[in-house]
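Here's a quick tour of a two-chain structure for anyone just starting out. Have the picture open while you read, and look up each spot as it comes along.

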Amino acid sequence: MENMTKISFDPNKTFIKIKYKAGKFRDGREYPAVDEKRPLSLLNADLKTLFAYTSSNDSIPNPERGRPRQEVVVSILMRNVISQKPWEESWVSFWRDHFSIFAHDQNVGAFSPHWEENVIRRHCWGNFREMLEAAASHPAMLYYLNNRSSRAGSANENFARELFELHTFGKNAYLKDLYSDWKKVPGAIDGRAVGYIDEDVYEAARAFTGWTVNDGSNIGNNKKLPETGDFTYVELRHDNYQKRVLGIEFPSYSGTMVDGRKVLDICSFHTATAHHIATKLVKRFINDNPPKKIIESTADVFLNHKNNSDQLKKIFNHLVQEASLIPNSNKQKAITPIRLASKFISLTNMPFIFNDQGFLGNIEGAGFSPYSWPSPDGIPDGMEALLSTGFIKERIALIQGLAENWWQTGEFDPFIDIGSSGSYETLLSFWEKKLFGHERPDLRNQLFKFWKINPSDKAINPREIAKLIGLLACSPSFQSEVVLPKNII
Amino acid sequence: MNRRDFINKTTLIGTSASLFGGISQFALAQKSHQIQSIKQTGPLIIVFLRGGADGLGILSPLEDSNFISARSPQLLFAPTENPIFIAGTKLFWHPQASAFSELMLSGRLVPWLATGIINETRSHFEAQEIIERGVSELHTLPDSMGLITKIAAGIMSPDSFLFAGGSNLPRAMQGNLSAIAIRDLQNGIQFPGGVKNLAVLAQLANVDRAHPASEPIQKTLALLFNIQKYLDPSIKLDFNKIKPYESQGRTPYTNSDPSVGLRSIARLLNSNVPLQYAWVDHGGWDMHEGQPNRMNNTLNQLSQALKAFDEDLQAQQKKYTLVVLTEFGRRFRSNGSNGTDHGHGGLSLVIGSNLPKNKVMGYWPGIAEKDLNRGVDLAVTTPYQDVLNQAMQWGHIEI
């Protein structure tokens, strides 16, 4: 049923509005006022280019520093709109939310296009261990969870704690009551601890000291790191002494990045990590109340293929197979605003053009939009969160705005495939089949009753029909879908 | 502890608090703390500081040598006026918290020291969930209701609803009561297509009620209609922009959090909405790095917002009780990034119209190495449940 029209996404032909008043750089130089539309130009920019958008730099006018984030959000929207395989974008967004970063923080947002491409999209069908290291060593994450400034002596715990709690083991494996009694952690004496304690967080924080960004900062003796924005390991900042993480001893002076990589190994190959991620995946792709059996089997696939280069794709296909045994009514998931808009655009065959006339603001107001969640636990999942009272009005506005072309995003033809000679009844039943997969006379009768429409009258006005179709798509049944495809990929 | 015991103990504070420090802490660990439901004479509002606010950086023991040696000099500030004395320790308000000091002097703020959860977790998300479910641990959960839902159950009037001044409903308000989240009510509620669309969409949701999205949609549409009716009694059919809200106080609300959410609450109260329970989130307190600047900005947002809110409500002669909570305090020692990592004991504030004058609540546990929780953090000597219960008592009794 999904669309036939080719909507294209060419960053060079996709424009965002840049508008600000004249002002001054921090060093006093002046910059002129700007009011223009610019094509997306930063999606494939290198780290050095993006580094200029961080706050430590003074070459980009302040009002323009949010551009990397804006561009990446527009690109995510467009990739969803043009995708013929929406489950692929759902998979990408799962991993984007799993390794959540907050791009409204200028220093983090500056790198967001590079992060999206080189951490999330590059690795999300690949291997978890590789993805984890890509994330841990990317400037966006190093800035976001402050490992950039962590150094021997008094390490910064932020990254290590969230690595354990959010990216890998999960809070169920946090044995908080033991705090420092590592010998009491079951399995720890044999180097097979079942979970982690606060002291493991402290030790892991030490392991990552020195993992930082070439951000121009001083490393002593008037020597400065270059301002290139890429990852670097600064030996002088690394805590080289012996460590113990989950009962496993790390010798002193292990060598360049060896301590940190060892922590990533422990995290990536642990049963608790497999369970934590499997639980989130089954919840996200199958049911808000994830069936235990599927979590178990998914965790098994995670561990059995932990060294495979397509471990994550295998997990995806496993979920597809498990889901194929479940009736559609038991795998309905509430959809995000971006998917809601994309689904409507696709089903109506709308000749969508991204137009920076307020549409983006509406997408962002209708729910948790990419890279906008401040804390590292990532965007909440589930019907209750997505259809929170704060978002319902904006979701309705989003659909009606698209149906009625409020933002000049394109008008769709409500007579498509059926001609303009049909009755209201014929037209709406045709559109119900498109939107819901089957006719919904209960819904259309409400519309007829409310607007005192005679169902057998000929429908002539395309705008009026478009509005009715928009209202249909605001029904509860349009707010959810089966996420996974029927067949493995 | 029952109510009488509780009040007896709190009257001792300031004289022999240190004496009780150790004992009460031991006793706390033995109990499961219950949240009570006490009907207020005005609304109960929670401002939740997300990320774990550094209570020691807001009210600082600047003359304590333990503190001076534990913190990077950049995290200290020059002593401010009107310090608080407790158990032989002097605590100074951060310069950006001068509004709190003023509120305290005028009897509209009570600081509560060394508060938090009776739980060892140093995870944001566990600690927040513990508070937002009104419990002390997450292993055995009595129900799935949120903290505010529990407090309001049975005593919220049928024409009222829980209100969050933010874009999403906090965990604390989940459950079976009518609840809505709207960050900004400055222009009222603008519903696309006006009341006619709202009515037909409610019909569609009703017909489609087999779908799980039906219930939240129907509830939301009904609440939006009701709220707009209060804000604009003429309830024009088009749900048009209404006149922006103007504070009655001298200090303006800003367009940042938590000002916007508090302004929305003030607007509802001003329009005589029967609001009893409200919540506003304030993010940005997870200061692992660059704390001096972040504290300046974030604390300024908080103190100015609360000052604006208090002036506004005083001018309107409205009673209220507001409690500022956070999931935990921060590490006693600062880290090498000029920040502080996750800690334990924190600071709560009670603000409002019915408070005892010039009072400091809590047992100061001390900050010598032997007094610190696990040797690294300020101890918790009052569970957050007791802070809430006491605040509700105050909100209930005319003083």
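Let's start with a single residue: does N80(A) count as buried or exposed? At 13% relative accessibility, N80(A) counts as buried, because the cut-off for buried is under 20%. Keep in mind that this is a predicted model; its scores are ipTM 0.92 and pTM 0.92.

**Around N80(A)**

- You'll find N80(A) in helix α2 of chain A, which covers residues 67-82.
- A polar atom of the N80(A) side chain lies 2.9 Å from the backbone oxygen of I76(A).
- Setting aside neighbours within four places in sequence, N80(A) touches E89(A), I338(A) and S342(A).
- Here's a nice bit of folding to look for: N80(A) and K343(A) are 263 residues apart in sequence, yet their C-alpha atoms are 8.8 Å apart in space.

**Around T273(A)**

- T273(A) sits in helix α11 of chain A, residues 271-285.
- With 0% relative accessibility, T273(A) counts as buried.
- Its contacts, leaving out neighbours within four places in sequence, are F128(A), T168(A), F169(A), C267(A) and F302(A).
- With C267(A) there's a polar link too: the T273(A) side chain reaches the backbone oxygen of C267(A) at 2.6 Å.

**A two-faced strand in chain A**

- Strand β1 of chain A (residues 15-20) has side chains that alternate between two faces.
- On one face, I16(A), I18(A) and Y20(A) are buried; F15(A), K17(A) and K19(A) point to the other face and are not buried.
- β1(A) runs antiparallel to strand β4 of chain A (residues 34-39), and six bridges join the two.
- In one of these pairings, F15(A) has P39(A) in β4(A) as its bridge partner.

**A three-stranded sheet in chain B**

- Over in chain B, three strands make an open, antiparallel sheet in the order β2-β4-β3.
- β2 (59-60) and β3 (84-86) of chain B are the edge strands: each has a single partner strand, so one side of each has no neighbour in the sheet.
- Zoom in on β3(B) and β4(B) (residues 89-93), and you'll see an antiparallel pairing over three bridges.
- I86(B) stands opposite T89(B) of β4(B).

**Helix α9 of chain B**

- How does the length of this helix check out? At 1.5 Å a residue, the 18 residues of α9(B) (214-231) should span 26 Å, and the end C-alpha atoms are 26 Å apart, so the two agree.
- Among the buried residues of α9(B) are I217(B), L221(B), L224(B) and Q228(B).
- The cover over the buried residues of α9(B) includes β7 (179-181), α8 (194-207) and α10 (259-270) of chain B, along with α17 (389-403) from chain A.

**Where the chains meet**

- Chain A puts 55 residues into the contact, and chain B puts in 51.
- Together the two chains bury about 4500 Å², with 58% of that on carbon and sulfur atoms.
- On the chain A side, T389(A), K393(A) and P476(A) lose the most area to chain B, together 14% of what that side buries.

**How confident is the prediction for chain B?**

- Chain B has a mean pLDDT of 89, and 90% of its residues reach 70 or more.
- Residues 1-31 of chain B are another story, with pLDDT below 50; this stretch still has 39 contacts in the model beyond near neighbours in sequence.

How values were computed:
Residues are numbered from 1 along each chain as its sequence is written. Chains are lettered from A and ligands numbered from 1 in the order in which they are written. This is a predicted model: local features need pLDDT of at least 70, side-chain atom pairs count only at pLDDT 80 or more; totals for chains, interfaces and linings use all residues. Side-chain values use heavy atoms; hydrogens and water are left out. Helices (H or I, at least four residues) and strands (E, at least two) are DSSP runs, numbered from the N terminus. Buried means under 20% relative accessible area, exposed over 50%, partly exposed in between (1.4 Å probe, protein chains only). Contact means heavy atoms within 4.5 Å. A polar contact is a pair of N or O atoms within 3.5 Å; within protein, one must be able to donate a hydrogen and the other to accept it, and residues adjacent in sequence count only if both atoms are side-chain atoms. The expected span of a helix is 1.5 Å times one less than its number of residues. Two strands pair if DSSP finds at least two bridges between them. pLDDT is the predictor's confidence in each residue, from 0 to 100. Buried area is the accessible area (1.4 Å probe) that two parts lose on being put together, summed over both.
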